[in-house]
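Please read the points below with the model open beside them. They go from the chain as a whole to the ligand site and then to single residues.

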Amino acid sequence: MGFRDVDRHTFYAGKPQPSAESSGSYETIDPSNGKPVCKINNSSTKSVDAAIQSAQAAFPAWSSTPPIERARILQKAVALLREHNDALARVETLDTGKPFSETSTVDIVTGADVLEYFANLVASGGLNGESFRLRPTASVYTAKEPLGVCAGIGAWNYPIQIALWKSAPCLSAGNCMVYKPSEFTPLHAEYLADIYKKAGLPDGVFNVVYGAADVGGHLTKHPAIAKVSFTGQVSTGKKVAGAAAGEMKYVTMELGGKSPLIVLPDAQVEQAVDVAMMANFFSTGQVCTNGTRVFVPRAMKKDFEAVLLEKVKFVRAGDLFDMDTNFGPLSSKAHYEKVVQYVRHGIETDKATLLCGGPGQPSGLSAELKQGYWVQPTVFTDCTDDMKIVREEIFGPVMTVLTYDTVDEAVERANKTELGLAAGVVGRDIDLCHGVIAKLEAGITWINTWGESPAEMAVGGWKKSGVGVENGRRGLEAWVRNKSTLVEMGGSVPTVFSKL
Ligand code: NDP
């Protein structure tokens, strides 16, 4: 499998479907150098409807296929994903601007793991209901039934991983999916559809539509869609959840964050800096769970900043296919402009102290790469809670350092946000670490590490950061509905309509 520089069309009924009527097209851009990659044809309303119909047609057979047989097909897809790991990683690098050192070791790997996990889970009874005797003459049994045709709508930061985190539990549970990737990073979708097909997935079970908000909006409101699983910004999530609520659809919302990392007074400075770097600069800061508000004890501030300044030198921007490169550009021009604006705001309006970085490009880029959307890893210090750069999600490599005097004060300030996606602590007193974690208002938390999100671990945001979870056993429950049956065996029906 190599990268195919061919136009992309709506994928349904098992193949790409060029449409007679045009709904416009655009070129995807390689963010490392600003050059076009290939043409994407937006799906027309008619094409989206056809994709939904294709999923509806496939649903009866797929939902009644025994879980162990569905799992067998999905396991073949897992093997194909792993076989083509590097080719798929190259596509993700081209599309997102993430270094190959990252995409080849994280993005496809973690997507395939989740597919393997859910396939195994349903093959080993994960969809079994329960049964119990209510009284000597009556029993109850329950079944976990698939929902029907579901929509997956993805963000641009982890394209194939998001597509797999949504489609894996969806298809394992017996549903069909119409998936819309972000218009900024759509390349993975047809490869994934191809892999599912090669693995033996029946036509129509996984379909892809392309386009922007209008296509997502049409999917969200469509009466045949039973559930919308959405990953994106809080503001978009509110619109999607609102539209879905109007039709009583199930939703999962994986939204933004502004997560706190609390460095405890007994933390080792080196370890705290390593965690803070991972929580801010991995994927060029374009990770929803990033720990961008770094609370450091006042007494440790000087040491923390000194070590941080040393370690920032290990961030290496450059040729994305050089395995030594560990830092890429931002994923699009529009996003680049947004992040640079925040950095300028931090300097000019918030008047935070710029410890390192700033709005310019990293040094040492070639003339070709200078045309791309590169920013520097940036650290602001002497920050206060009211600053815009501390309050709002920037979604770029911008760390803000805040100092505190007591742990209780740090916890209180960490929780003072409408968002609650992730949080973490670094410290040596493990009792204190657990105690602090217990008080932090967030759905995903880490102690002495940051960012790992294995298939077994359910993840989802609190407060305005989301609704529901993905992954883990609970992640499967989000794709089924319950049916309870009460069986009366005594022969006499409890009734009030008996003869007097
Ligand atoms: P957006 O909210 O801009 O877009 C997400 C998806 O929704 C895109 O496919 C977009 O289409 C589509 N969309 C836009 N408007 C509508 C609408 N009215 N109806 C239906 N669909 C619509 O998010 P970004 O792509 O900018 O992603 C970044 C955000 O995602 C960050 O806030 C980040 O924190 C969050 N995120 C959350 C994660 C989590 O697990 N909690 C994981 C990853 C990211 P298009 O872009 O093509 O116009």
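The numbered points that follow describe this predicted model.

1. Basis. The model is predicted, so local features need pLDDT of at least 70 and side-chain atom pairs count only at pLDDT 80 or more, while totals for chains, interfaces and linings use all residues. Residues are numbered from 1 along each chain as its sequence is written, and side-chain values use heavy atoms, with hydrogens and water left out.

2. Overall fold. The protein chain has 15 helices and 22 strands (DSSP runs numbered from the N terminus: helices are H or I with at least four residues, strands are E with at least two). Its radius of gyration is 24 Å, close to the 23 Å that the globule rule gives for 500 residues, so the chain is as compact as a globular protein of that length. The radius is taken over C-alpha atoms, and the rule is 2.2 Å times the number of residues to the power 0.38. Along the principal axes, the C-alpha trace spans about 85 × 60 × 40 Å.

3. Surface and contacts. The accessible surface of the protein chain comes to about 20,600 Å², and carbon and sulfur atoms account for 54% of it (Shrake-Rupley method, 1.4 Å probe; for residues, only the protein chains shown count as cover). Of the 500 residues, 56% count as buried, where buried means under 20% relative accessible area, exposed over 50%, and partly exposed in between, with a 1.4 Å probe and protein chains only. Among contacts between residues at least 6 apart in sequence, 74% join residues at least 24 apart; contact means heavy atoms within 4.5 Å.

4. Ligand shell. Which residues are closest to the ligand? They are Gly154, Glu183, Thr236, Leu255 and Glu393, out of 28 that surround the ligand (a residue is near if one of its heavy atoms lies within 4 Å). By class, the shell has 12 nonpolar, 12 polar and 4 charged residues. Here Ala, Val, Leu, Ile, Met, Phe, Trp, Tyr, Cys and Pro count as nonpolar, Asp, Glu, Lys and Arg as charged, and the others, Gly among them, as polar. Helix H7 (213-221), strand E10 (225-231) and helix H8 (234-246) each supply at least two shell residues; the largest share, 4 residues, comes from H7.

5. Polar contacts of the ligand. A polar contact is a pair of N or O atoms within 3.5 Å; within protein, one must be able to donate a hydrogen and the other to accept it, and residues adjacent in sequence count only if both atoms are side-chain atoms. One ligand oxygen is 3.0 Å from an N or O atom in the side chain of Lys180. A ligand nitrogen is 3.4 Å from a polar backbone atom of Gly217, and a ligand oxygen is 3.3 Å from a polar backbone atom of Gly232. The protein covers 89% of the 900 Å² of accessible area that the ligand has on its own.

6. Lys464. This residue sits in the loop between strand E20 (462-463) and strand E21 (466-467). Why does Lys464 count as partly exposed? Because its relative accessibility is 34%. Beyond neighbours within four places in sequence, Lys464 is in contact with Val234, Lys238, Leu255, Glu418 and Leu419.

7. Gly461. The loop between strand E19 (444-447) and E20 holds Gly461, which is buried at a relative accessible area of 10%. Not counting residues up to four places away in sequence, Gly461 touches Glu254, Gly420, Leu421, Gly466 and Gly468.

8. Positive phi. Most residues other than glycine have a negative phi. Phe395 is not a glycine, yet has a positive phi of about 65 degrees; Phe395 lies in the loop between helix H12 (388-391) and strand E16 (398-404) and is buried at 15%. Asn471, also not a glycine, has a positive phi of about 75 degrees. Asn471 lies in the loop between E21 and helix H15 (472-477) and is buried at 1% relative accessibility.

9. Thr96. Thr96 is found in helix H3 (residues 85-96) and counts as buried because its relative accessibility is 2%. A polar atom of the Thr96 side chain lies 2.6 Å from the backbone oxygen of Glu92. The backbone nitrogen of Lys98 lies 3.1 Å from a polar atom of the Thr96 side chain. Outside its neighbours within four places in sequence, Thr96 has contacts that include Pro31, Trp156, Thr185 and Ser331.
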